[in-house]
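Please examine the sheet of this model and one acidic residue within it. The discussion takes the form of questions and answers.

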Amino acid sequence: MTNDMQLQLKGYGLTTAHILYRMPDHPALLQTYIWQHYDIAPDFPEMRSFLKFWQEQLDGPLHSVRYVHRKLISASEWRALKGEFILH
């Protein structure tokens, strides 16, 4: 089983953040950055960690962050089966 599937089964969903930040040399200009990672709502520890890294290590100050979160596997879509049918 892949790492992504294991994260989804643990409750992680796909989080996409649209980040606007000011250019370090030209503060009047805004640049966009898209970040996407598996994360847990509503605390979003992965996104918070990334934004903390951004503020501490990168020169471009953040202007705004918009994000969406979607669980790709929900409890109603996943069920364990005890059996196997072999055809042919």
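The questions below concern a predicted model, beginning with its sheet and then turning to D39.

Q: In what order do the 3 strands of the open sheet stand?
A: The strands of this open sheet pair in the antiparallel sense. β2 (30-39) and β3 (62-70) each have a single partner strand, so one side of each is left without a neighbour in the sheet. Neighbouring strands are turned against each other by 15 degrees on average, direction ignored. The order is β2-β1-β3.

Q: Over how many bridges do β1 and β3 pair?
A: Strand β1 covers residues 13-22, and its pairing with β3 is antiparallel. One position opposite S64 in β3 is taken by L20. The number of bridges between β1 and β3 is 8.

Q: Which helix packs on the sheet?
A: The helix in question spans residues 45-57 and touches β1, β2 and β3. Its direction makes about 145 degrees with that of β2. The helix is α2.

Q: Is D39 buried or exposed?
A: D39 is found in strand β2. Its relative accessibility is 0%, and the cut-off for a buried residue is under 20%. D39 therefore counts as buried.

Q: Which side chain of opposite charge is nearest to D39, and how far away is it?
A: A salt bridge requires a side-chain nitrogen of Lys or Arg within 4 Å of a carboxyl oxygen of Asp or Glu. D39 has no salt bridge, although it is buried. The nearest side chain of opposite charge is that of R48, at 7.7 Å.

Q: Which backbone nitrogen does the side chain of D39 reach at 2.9 Å?
A: Leaving aside neighbours within four places in sequence, the contacts of D39 include F44, P45, E46 and M47. A polar atom of the D39 side chain lies 3.1 Å from the backbone nitrogen of E46. The backbone nitrogen reached at 2.9 Å is that of M47.

Q: What distance separates the C-alpha atoms of D39 and R70?
A: D39 and R70 are 31 residues apart along the chain. Their C-alpha atoms are separated by 9.5 Å.

Definitions and conventions. Residues numbered from 1 in each chain as written. Predicted model: local features only at pLDDT ≥ 70, side-chain atom pairs only at ≥ 80, totals over all residues. Heavy atoms only, no water. Pairing = 2+ DSSP bridges. Helix = DSSP H or I, 4+ residues; strand = E, 2+ residues; numbered from the N terminus. Axes fitted to C-alpha atoms, helices over the stretch in contact; angles between N-to-C directions. Contact = heavy atoms within 4.5 Å. Buried < 20%, exposed > 50% of the residue type's maximum accessible area, 1.4 Å probe, protein only. Lys, Arg positive; Asp, Glu negative; His and termini not counted. Polar contact = N/O pair within 3.5 Å; in protein donor to acceptor, adjacent residues only side chain to side chain.
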